[in-house]
Amino acid sequence: MTTTTTGTATPTGTTPQATTLPGVVGTAHTRVEGRDKVTGAARYAGEIPFADLAFGWLVLSTVARGRITSVDTEPVLAMPGVRAVLHHGNAPRVETQYMGMMGPPDPTSTVFQNDRVPHLGWPVALVVAETSEQAREAAESLVVHYEQQPHDTDFSGDRPEARAADGVLPGVTEKGDLEAELAASTHVVDAEYTTPEEHHSMMEPHAATARWDGDRLELVDSNQGTTWVQGELSKMFSLDPSAVRVRSEHIGGGFGSKGLRAHQVAAVMAARVLERPVRVVLTRRQMFTLTGYRSPTAQRLRLGADADGRLRAVEHRSVNQTSTVHQFVEPSAGVPRVMYDAAAHHTANLVVPLDVPTPTFMRAPGEAPGSFALESALDELAEKCGLDPIELRVRNEPDRGPVSGLPFSTRNLLGCFHEGARRFGWADRDPRPAVRRDGRWLLGTGVAGASFHSGAGPSTALATAEPDGTFTVRIAAADIGTGARTALTLIAADALRVPVDRVRVRIGDSDFGPAMLAGGSMGTRSWAWAINAAAGELRERLALGTDVPPEGITVRSDTTAALGALAQKERHSYGAQFAEVAVDPATGEVRVRRMLGVFAAGRIVNPLTARNQLVGGMIWGISMALHEEAVRDRATGGLYAADLAGYHVATHADVQSVEADWIDDPDPEDPVGIKGVGEVGIVGAAAAVANAVWHATGVRHRHLPIRPDRVLRAQGAGAPRA
């Protein structure tokens, strides 16, 4: 960590006095911006006013594969209010061969650069008009001609073109003789598990407004990292990063989808061409095509254990689809690399290129679908071994990283299981399936483990002592609904040793300097590290009796060196999920009556918002287990019912008693003790529900979602899978 200071001591100011206060980190606080949000004072990206604003509306392809042969622009340009139609024949050229924060750009975002159409809903034009209504009417009137080609959107795990691929994790890891250990095992599970295509559908649609001031670009956007988007745009438009400012103050949900997308780039292009601000807002239906999704997966698990239930062999092979223009790997097979060890341990992530949009990160990428498969297979193994599912996991608790061999920074997964079992009443469970009833309902309970990586990215922060005795902290963080702004305020107040009401935290502006994005459960941990360093340095300087000049005293921190000095370890948050379900065998209806999650997720900064995050993740896990499923039409290559009427998610009727709590688990190497809570709540939740459905019915469901028709079909057939 390095710090720099600005401002000089003068006799004109006063020195803010730090007081000895009990720490506020770890105490419940309502959101500092809560009143603004509930009163409408907080403005989101699509609401911020600009003078002389024009509106763009994207036109998406109506074929799933082919070439654009012509675009009939003249009739549309003659329509009222229309100012431009951008397409591959006239749009500004941009750089497409660069390496960004996440690797090379997805061509979906580098819009209008050629005539190729690689999937249905590919952006083919942008119509810009004086009002959004005029832009929409004109966009819907634009005629685009195509040379249509045969397409293929048929995903399955046995596609011969499936290939191993590296992503955020290595594609393949291997140790030991898998076949020999399986042959020597007393108990073996060999099964395939599938998860469907799933979509993030946050309340706030993606929106961006671009404005050029000479050669300086300003983008007001809804994104998960202003530094991220600034870096991508500067490379794409061949600008110095200092010539790009990205602002994103309030975000109505992100879940992995709000990075660089087609609408931002199209807005920047149009603003350059028209020399005026241009706003592009995606419709809900367009979001199902243009903003990424969780790929369907087909996962094969082979587990072998000795007579005592100790694993000898673990194989996890996961296949996901990707687009033909950009590779995205859903690292589902990475889960056992952290959770359980064996003498033979083989994992592989594979991809199948299809004529579909590119998948992307979605809350707990890899871990959410991967844990469903692994934790379901462990439940099956426990049944074969005649062991309680928790006892099986206890017997297979590793002391080092199963693949890396690295020590764990902290690992209290067993503490989560033990505390959760106590609170859930697990000891009273009859292990026999299909024996408990409540009237017409069959009752069952299930459990699953969870983990999610705990990392941190280099970040900078600015802490300023103001002449009036208050403090301002500036950092290019993103609060995507998690309560990060509030957590950072508490961290700054403790670091400065002043009351919370003397601290103002400003976020969401790339001009504040580089900072980690909100993703991978790393945001608050990364930003807190930088804020703690800057605020601590500022407090020490003020303790020397330095007077504050009119411009204030500012300290800047940079955590790059501190993070680079950390020893290599396995760093993760952990959790144990418990679920009780009721199943109606006559209708196939499944209800989750109660759910409990106990987590070891580092020091909890704000219990109020942390609990909201964990409970929200668990509810999403219920939704994943029972409802969410995007289905593609083979004939068109598009989704059936790409909207929130046709894409089912859990509602209030599906959520009864959901509780989340945690055990003490600070990270000793983090200055605040943080790990991360944003994603671990969903991990293991779907498996816990599926395992509970087995316990209720005696029938295994290896394919999500567990729909009523699948329950009925399985109950009627008495088969081990639906």
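Q: Why is Cys-416 called buried?
A: In this predicted model, Cys-416 has a relative accessible area of 0%. Buried means under 20%. Cys-416 therefore counts as buried.

Q: What makes Cys-385 buried or exposed?
A: Its relative accessibility is 13%. The cut-off for buried is under 20%. So Cys-385 counts as buried.

Q: How many disulfides does a search of the whole structure find?
A: Zero. A pair of cysteine sulfur atoms within 2.5 Å would have counted as a disulfide.

Q: Which residues of α11 are buried?
A: Cys-416 is one of them. The others are Leu-413, Gly-415, Phe-417, Gly-420, Ala-421 and Phe-424.

Q: What covers the buried residues of α11?
A: The cover includes two helices, α8 (336-339) and α10 (389-395). It also includes the strands β19 (441-453), β24 (572-583) and β25 (590-600).

Q: How do you know what span helix α11 should have, and what span does it have?
A: Helix α11 covers residues 413-424, which makes 12 residues. The expected span is 1.5 Å times one less than the number of residues. For α11 that should be 16 Å, and the end C-alpha atoms are 16 Å apart, so the two agree.

Q: What phi does Gly-425 take, just after α11?
A: Gly-425 takes a positive phi of about 80°.

Q: What separates the C-alpha atoms of Gly-425 and Thr-62?
A: They are separated by 54 Å. Along the chain the two residues are 363 residues apart.

Q: Why is Thr-62 called buried or exposed?
A: Thr-62 has a relative accessible area of 63%. Exposed means over 50%. Thr-62 is therefore exposed.

Q: Where is Thr-62, and which residues is it in contact with?
A: Thr-62 is in the loop between β2 and β3 (66-72). Leaving aside neighbours within four places in sequence, Thr-62 is in contact with Leu-120 and Tyr-146.

Q: What makes Ser-318 buried or exposed?
A: The relative accessibility of Ser-318 is 0%. Buried requires under 20%, so Ser-318 counts as buried. Ser-318 lies in strand β16 (residues 311-323).

Q: Which residues does Ser-318 touch, not counting those up to four places away in sequence?
A: Ser-318 touches Thr-297, Ala-298 and Gln-299. It also touches Glu-330, Ser-332 and Ala-333. Ala-348, Asn-349 and Leu-350 complete the list.

Q: Why is α15 called largely enclosed by the rest of the structure?
A: 15 of its 20 residues are buried, so α15 is largely enclosed. Helix α15 covers residues 607-626. From first C-alpha to last it reaches 28 Å, close to the 28 Å expected.

Q: What makes α9 and α16 a packed pair, and at what angle?
A: Helix α9 (residues 367-385) and helix α16 (residues 685-697) pack at about 35°, with axes 8 Å apart. On the α9 side, the contact is made by Ser-371, Phe-372, Glu-375, Ser-376, Asp-379 and Glu-383. On the α16 side, it is made by Ala-686, Ala-687, Ala-690, Asn-691 and Trp-694. The crossing is right-handed.

Q: What is the strand order of the open sheet of seven strands?
A: The order is β4-β6-β2-β14-β11-β12-β13, with mixed pairing.

Q: What makes β4 and β13 edge strands?
A: Strands β4 (82-87) and β13 (244-247) each pair on one side only. Neighbouring strands of this sheet are turned by 20° against each other on average, direction ignored.

Q: How do you know that β11 and β12 pair?
A: Pairing needs at least two bridges. Six bridges join β11 (residues 207-213) to β12 (residues 216-221), and the two run antiparallel. In β12, Val-220 is the bridge partner of Thr-209.

Q: Which helices pack on the sheet?
A: Helix α5 (residues 226-236) touches β12 and β13, and its direction makes about 145° with that of β13. Helix α6 (residues 262-274) touches β2, β4, β6, β11, β12 and β14, and its direction makes about 30° with that of β11.

Q: Why is Glu-275 called buried or exposed?
A: Its relative accessible area is 73%. Exposed means over 50%, so Glu-275 is exposed. Glu-275 lies in the loop between α6 and β14. Its phi is near 55°, a positive value in a residue other than glycine.

Notes: Residues numbered from 1 in each chain as written. Predicted model: local features only at pLDDT ≥ 70, side-chain atom pairs only at ≥ 80, totals over all residues. Heavy atoms only, no water. Helix = DSSP H or I, 4+ residues; strand = E, 2+ residues; numbered from the N terminus. Axes fitted to C-alpha atoms, helices over the stretch in contact; angles between N-to-C directions. Contact = heavy atoms within 4.5 Å. Buried < 20%, exposed > 50% of the residue type's maximum accessible area, 1.4 Å probe, protein only. Left-handed = near helix turned anticlockwise from the far one by under 90°.
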